[in-house]
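Please look at the structure shown here with its aromatic rings in mind. The report that follows describes how some of these rings are placed.

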Amino acid sequence: MMNNETQTQYLKLLSRSFPTIADASKEIINLKAILNLPKGTEHFLADIHGESEAFQHILKNASGNIKRKVNELFGKSISDAEKKELCMLIYYPEKKLQLIKSSGCDIDNCYHVTIHQLVNVCKDVSSKYTRSKVRKNLPKDFSYIIEELLHERSDDYNKGAYVNVIVDTIITTGRADDFIIALCNVIQRLAIDTLHILGDIYDRGHGAHYVMDTLRDYHSWDIQWGNHDILWMGASAGNKACICNVLRLSLRYANLDTLEEYGINLVPLATFAMEVYGDDPCVEFIPKLQGGETMDEKTKLLTARMHKAISILQFKEEARIFNRREEWQMTDRSMLNTIDYNRGICIIDGNEYPMTSCSFPTVDAENPNELTAEETILMDKLLHSFAVSERLRKHVNALLSHGCMYAIYNSNLLFHASIPLNEDGTLKEITLNDDKKYSGRELMHRIGMIIRSAFEQDATEKEREFAKDYFLYLWCGKDSPLFDKSKMATFERYFLTDKSIFVEEKGAYFRLRNDEEICDKILDAFGVEGENRHIINGHVPVHASRGENPIKANGKLMVIDGGFSEPYHKETGIAGYTLVYHSKGFELVQHEPFTNAAEAIATGSDIKSRTQIVEMSGRRLLVADTDKGREIRQQIEQLQLLLYAYRHGIIKEKEKRD
């Protein structure tokens with residue numbers, strides 16, 4: 001049984017952690033017990049697009065799960081208004097406590113009632129975890145006290161006075177506020193076991209940087225990169241076309257907050273735009289304001305001119321990469337080459353299209369993709385600004401350390417947008433920089449490795465340069481798993497009047513993904529096993545207002561882009577989805593638009609959410625049914641082998657020292 005030399009060496013290493021029979025046996029008992037706990041709750045979100053307040057509120061209320069638990073725990077014992085107040089305290093403890101104390105209530109009595117209520121909620125959300133795991137999530141200052149309260153009953157005759165004295169002492173020592181805040185944070189933390197982000201944190205909304213700050217401190221999360229994330233990662237890596245795209249999108253939606261927070265200096269762009277486009281009304285580039293946002297005419301015109309300046313730079317920088325990477329077959333997207341500057345028309349595929357305007361003071365008709373001397377200086381300044389942004393670099397590092405192109409968790413295949421397919425539904429082979437063809441899982445893995453090489457010092461210069469260029473292909477390339485369309489019609493939408501040329505034909509995946517057989521083939525190709533396996537992705541907003549169902553392919557595919565971003569609300573009719581996978585099965589939570597945290601705290605208004613049961617299990621799912629359970633069973637097997645080795649003298653127990 002123990003003749004395998006490699007196995008013996010492994011067991012010797014394992015014996016360092018479990019030096020005696022007693023230690024190994026104790027761990028086996030612990031692991032077997034964990035297998036029989038309910039599985040942790042996973043939350044899946046996609047396409048946050050900078051909506052930081054809505055995102056953080058959904059994390060704080062666990063997609064409505066905390067509100068549901070409060071209703072179940074307290075029933076009719078407290079009023080609906082009191083439940084609402086308790087929920088808002090759990091979500092925003094610091095700010096809500098200030099309001100409570102300013103209301104003139106009997107604060108000591110409020111503290112007593114609130115602490116007991118919070119302890120009950122915390123008991124509920126912690127019930128599916130081991131004491132050890134709960135202990136690790138407790139704040140250091142109050143770890144012992146919270147643990148005592150969680151495992152004692154105030155209605156126990158023998159312990160009632162003990163519990164009450166603990167609460168009294170917390171209040172009389174002036175620690176009530178700190179304790180309540182700590183307890184609320186523990187509840188938030190335990191309500192979501194794992195958070196999966198299916199891409200697109202960036203662009204459109206004003207707070208992508210705040211989303212990333214939240215995630216960097218979050219206890220357990222992963223991300224499958226989206227096309228907008230890749231764009232910012234490319235900008236950080238030094239891809240000039242990506243930098244231009246990032247700036248263009250920010251100016252298009254009059255959203256400069258994230259750029260400012262990253263320290264991106266836009267003064268050179270503003271100066272250049274006023275000098276070059278000072279007489280141009282830039283009608284096509286007037287920013288799209290969101291919600292009730294307003295902007296004075298002077299600022300709006302400056303933004304439009306900056307928007308046009310960076311867009312022309314983008315078209316030039318993109319063309320330079322397309323021409324450098326002829327193997328991508330994208331030279332036809334060098335759009336400045338399609339303009340007849342004398343006639344003011346565009347010639348695409350032999351067809352002539354009238355233009356909205358033809359004012360291009362920085363474009364040489366003979367060499368349209370050449371940068372002027374002033375544009376070259378500007379581009380170098382912008383490149384430097386992105387390169388030295390420490391906060392952006394930290395956020396990109398977090399995306400790299402927590403992210404990939406795809407992931408498989410508990411029989412669920414996660415990716416942002418698509419898997420390239422042929423028209424017959426077979427996996428499409430794509431040639432990459434090593435001249436090898438890849439498809440399916442190998443393709444996604446290889447792309448992930450290319451992305452990482454852009455930031456790795458041990459990659460060759462050739463590898464880094466290709467990787468840096470490849471960010472642009474992932475953003476807008478026909479066979480990119482993050483785009484998967486015939487073209488990105490940015491130029492056409494700005495300058496052409498014929499809307500038929502705007503059409504971006506979607507790839508085969510989007511046309512075939514409602515076919516259960518196709519989904520099964522993709523799942524097979526990725527090695528996803530299990531009776532109830534699924535594909536989960538985002539990227540394409542679900543038009544709930546038109547009756548579109550996010551559940552497709554007879555339940556095999558779930559599309560959870562419900563339009564977090566305000567510009568999508570009219571399109572989708574809702575404001576985002578959360579897919580929740582708990583021990584009883586899958587639920588899809590559909591969110592209504594969120595105003596802001598300040599209003600929520602003042603009025604107690606929560607995000608209105610509707611829950612759709614997607615798939616319920618015939619029995620409660622346990623840790624044993626998860627990927628973690630599989631790992632634990634393997635650990636138990638190795639520990640049992642260690643016990644065998646100890647008991648047969650193959651490995652000697654180590655003496656314990658006092």
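Is Phe 466 buried or exposed? In this predicted model, Phe 466 has a relative accessibility of 6%, and because buried means under 20% relative accessible area, Phe 466 counts as buried.

A search of the whole structure finds 20 aromatic pairs, and two of them are set out in the table. A pair of aromatic rings is described by the distance of the centres and the angle of the planes.

| Pair | Centre to centre | Angle between planes | Arrangement |
|---|---|---|---|
| Phe 142 and Phe 179 | 5.3 Å | 80° | edge-to-face |
| Trp 328 and Phe 466 | 6.4 Å | 75° | edge-to-face |

The pair of Phe 142 and Phe 179 links distant parts of the chain, since Phe 142 lies in the loop between α8 (131-136) and α9 (143-150), while Phe 179 belongs to helix α11 (residues 176-191), 37 residues apart. Both Phe 142 and Phe 179 are buried.

In the other pair, Trp 328 is found in the loop between α17 (297-324) and β4 (339-340) and Phe 466 in helix α21 (residues 461-476), so this pair ties together parts that are 138 residues apart in sequence. Trp 328, with a relative accessible area of 10%, is buried.

Aromatic rings also gather in a group: Phe 285, Phe 315, Tyr 341, Phe 360, Phe 491, Tyr 494 and Phe 495 form one aromatic cluster. Phe 360, a member of this cluster, has Lys 308 over its face, at 5.6 Å from the ring centre. Elsewhere, Lys 39 lies over the face of Tyr 581, at 4.0 Å from the ring centre.

Technical notes
Residues are numbered from 1 along each chain as its sequence is written. This is a predicted model: local features need pLDDT of at least 70, side-chain atom pairs count only at pLDDT 80 or more; totals for chains, interfaces and linings use all residues. Side-chain values use heavy atoms; hydrogens and water are left out. Rings of Phe, Tyr and Trp (its six-membered ring) pair if their centres lie within 6.5 Å; planes under 30 degrees apart count as stacked, over 60 as edge-to-face and the rest as tilted. Helices (H or I, at least four residues) and strands (E, at least two) are DSSP runs, numbered from the N terminus. Buried means under 20% relative accessible area, exposed over 50%, partly exposed in between (1.4 Å probe, protein chains only). A charge sits over a ring if NZ of Lys or CZ of Arg is within 6 Å of the ring centre and within 35 degrees of the ring normal.
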